[in-house]
Amino acid sequence: MSFPLLSAHITHKEASIQDLGRLGQLEASSLLRELRSSPGVDECVVLKTCNRVEFYVVARDREAMREELERFVASLLPYESQGSLVRYMAGKDTLHHVLRVACGLESMIVGEDQVQSQVKEALELSCREGACGPLLAEVFRKALNTGKRVRTETRVNKGNVSIGSAAVDLAESKLGELKGKTVLVVGAGQMATLIAKHLAGKRPEAVFVSNRTYARAVELAWSLDGKAVRFEQLPDFLVKADVVLCATSAMHIVLGMKEIAPAMERRSGRRMFIIDVSFPRNVAEEVRGIPGVELCDLSALNVVASENLERRRMEVFSAERVVREEMDLLSRRLEEMRAAELLRLVYTKYRGMKDREVGKALGRLRGNEDAEEVLEDLASSLMSRFLADPTAAVKSASRQGDGGLLRSTRELFGLEVLQDVPTGKDEKA
């Protein structure tokens with residue numbers, strides 16, 4: 001049975017860093033509110049990371065919602081990119097995908113851990129904004145639990161499996177070991193902290209941390225046994241740095257020609273290696289043209305990602321087994337939820353009928369009418385009202401030759417019918 005669930009996916013597999021960068025300038029909360037206001041949306045979640053922007057929607061009319069979702073996504077992308085960048089999924093395909101995402105199986109760096117917290121943040125944002133309902137809450141909680149199980153039962157996340165660790169590997173592949181080098185980390189958020197943890201074991205000569213919020217730079221630098229640098233002092237420390245790791249949450253360029261070019265003039269010909277893992281990018285593309293500067297961004301990590309996938313192929317197989325098991329459990333759970341909702345509607349409908357008929361009967365009893373007659377009429381009225389819709393459906397099915405509905409009716413009402421022949425009797429609703 002299908003689920004009223006649709007999704008749209010713009011990821012590193014189809015989109016370029018430039019395309020993802022444009023989307024990266026949009027706040028997840030703004031995208032969520034706009035999507036939530038679209039006609040027909042019952043629930044929605046927006047998952048936004050450096051490698052993907054994904055939209056998950058629950059809607060009763062799936063076909064109409066597909067058109068609305070396409071319109072919404074088209075408003076975010078250049079016209080020429082719309083057809084090639086976006087993958088649409090529905091039902092169990094969407095369920096399977098979000099479980100794989102939380103496990104890191106859809107990540108550029110297979111098995112990376114950071115996506116687990118990003119899936120959690122997407123769920124929490126949707127809940128805060130009142131956009132999450134029972135179906136997506138169940139789906140995303142199952143995704144998070146699946147991610148935890150995969151990381152516990154397999155080694156898919158062991159080794160260098162984050163963007164931060166891959167960035168450090170890339171630096172060492174270009175410069176050799178970082179021992180004796182001077183490193184400047186620009187940013188003090190989650191990604192910068194990830195990078196800093198990996199740097200701590202590489203024994204660089206010095207590590208400087210700069211951030212617009214100086215207190216956060218001090219906190220990160222202390223954990224790294226480094227030195228905090230005020231943001232306005234950044235030009236002086238760019239002169240000293242062999243490696244610049246840029247990982248801020250800024251939505252604009254932080255390091256451009258006016259910052260890098262003067263620093264290179266004061267470096268006596270020493271090379272500068274810059275890795276920009278920010279989303280959107282924080283280092284201007286033009287700095288590649290400055291002699292002595294080498295810039296690597298998220299797209300350069302694709303090579304690392306391919307090597308990572310080969311090393312983890314067997315672990316990926318084990319992780320996918322876990323995903324299949326959890327997918328089966330999730331499908332059964334959602335079917336149970338669907339049945340529970342159906343029963344709730346049935347009970348609500350017939351409880352309303354019962355209350356109205358009981359009210360009428362009580363009124364007659366207060367009027368001193370005969371109790372036996374009142375109870376007989378009450379029972380007959382309840383039976384007629386309760387069976388009115390089933391009776392109409394069965395008669396319609398018989399006229400249309402719908403044997404399936406007739407067999408389902410027998411099973412539903414627990415009836416034993418010896419043969420399919422008319423009895424000549426016609427119970428009236």
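In the predicted model, N368 is placed in the loop between α14 (313-366) and α15 (371-400), where helices (H or I, at least four residues) and strands (E, at least two) are DSSP runs numbered from the N terminus. Residues are numbered from 1 along each chain as its sequence is written. Because the model is predicted, local features need pLDDT of at least 70 and side-chain atom pairs count only at pLDDT 80 or more, whereas totals for chains, interfaces and linings use all residues; side-chain values use heavy atoms, with hydrogens and water left out.

Although N368 is a residue other than glycine, its phi is positive, near 65°. N368 counts as exposed because its relative accessibility is 70%; the classes are buried for under 20% relative accessible area, exposed for over 50%, and partly exposed in between (1.4 Å probe, protein chains only). A positive phi of about 55° is also found at S268, which is not a glycine. S268 belongs to the loop between α12 (257-265) and β9 (272-276), and its relative accessible area of 74% makes S268 exposed. A further positive phi, of about 65°, is taken by G414 just after α16. At the N-terminal end of helix α16 (residues 403-412), D402 acts as a cap, with a side-chain oxygen 3.3 Å from the backbone nitrogen of G404.

Polar contacts were assigned to pairs of N or O atoms within 3.5 Å; within protein, one atom must be able to donate a hydrogen and the other to accept it, and residues adjacent in sequence count only if both atoms are side-chain atoms. H9, in strand β1 (residues 5-11), is buried, since its relative accessibility is 0%. The side chain of H9 makes a polar contact of 2.7 Å with that of S7 and another of 3.0 Å with that of E54. N157 lies in the loop between α7 and α8 (163-175) and, at 13% relative accessibility, counts as buried. A polar contact of 3.2 Å joins the side chain of N157 to that of D113.

Aromatic contacts were then considered. A pair of aromatic rings is described by the distance of the centres and the angle of the planes. Rings of Phe, Tyr and Trp (its six-membered ring) pair if their centres lie within 6.5 Å; planes under 30 degrees apart are stacked, over 60 edge-to-face, and the rest tilted. Four aromatic pairs are found in a search of the whole structure. One of them is the edge-to-face pair of F55 and F72, at 5.2 Å centre to centre and with 90° between the planes. This pair links distant parts of the chain, with F55 in strand β3 (residues 52-58) and F72 in helix α3 (residues 62-74), 17 residues apart. F55 and F72 are both buried. The rings of Y56 and F140 have planes at 90° and centres 5.3 Å apart, so this pair is edge-to-face. Distant parts of the chain are again linked, Y56 being in strand β3 and F140 in helix α7 (residues 134-153), 84 residues apart. Y56 is buried, with a relative accessible area of 1%, and F140 is buried at 0%. In addition, R230 lies over the face of Y214, at 3.8 Å from the ring centre; the criterion requires NZ of Lys or CZ of Arg within 6 Å of the ring centre and within 35 degrees of the ring normal.

Empty space was examined on a 1 Å grid over the protein atoms alone: a cavity is a set of points where a 1.4 Å probe fits but cannot get out, a pocket is an open set with protein on both sides within 12 Å along at least five of seven lines, and lining residues have an atom within 4 Å of a point. Grid points are joined across faces, edges and corners, and a volume is the space filled by probe spheres set on the points. By this rule, one cavity of 30 Å³ or more is counted. The largest cavity holds about 40 Å³ of space. Its lining comprises 10 residues, of which T49, N51, S107, E112 and Q118 are the closest to the centre. Helix α6 (residues 114-128) gives the most to this lining of the largest cavity, with three residues.

The second largest pocket has a volume of about 970 Å³. Among its 37 lining residues, K48, Q190, T248, S249 and F279 lie nearest the centre. In the lining of the second largest pocket, α6 gives the most, with seven residues.
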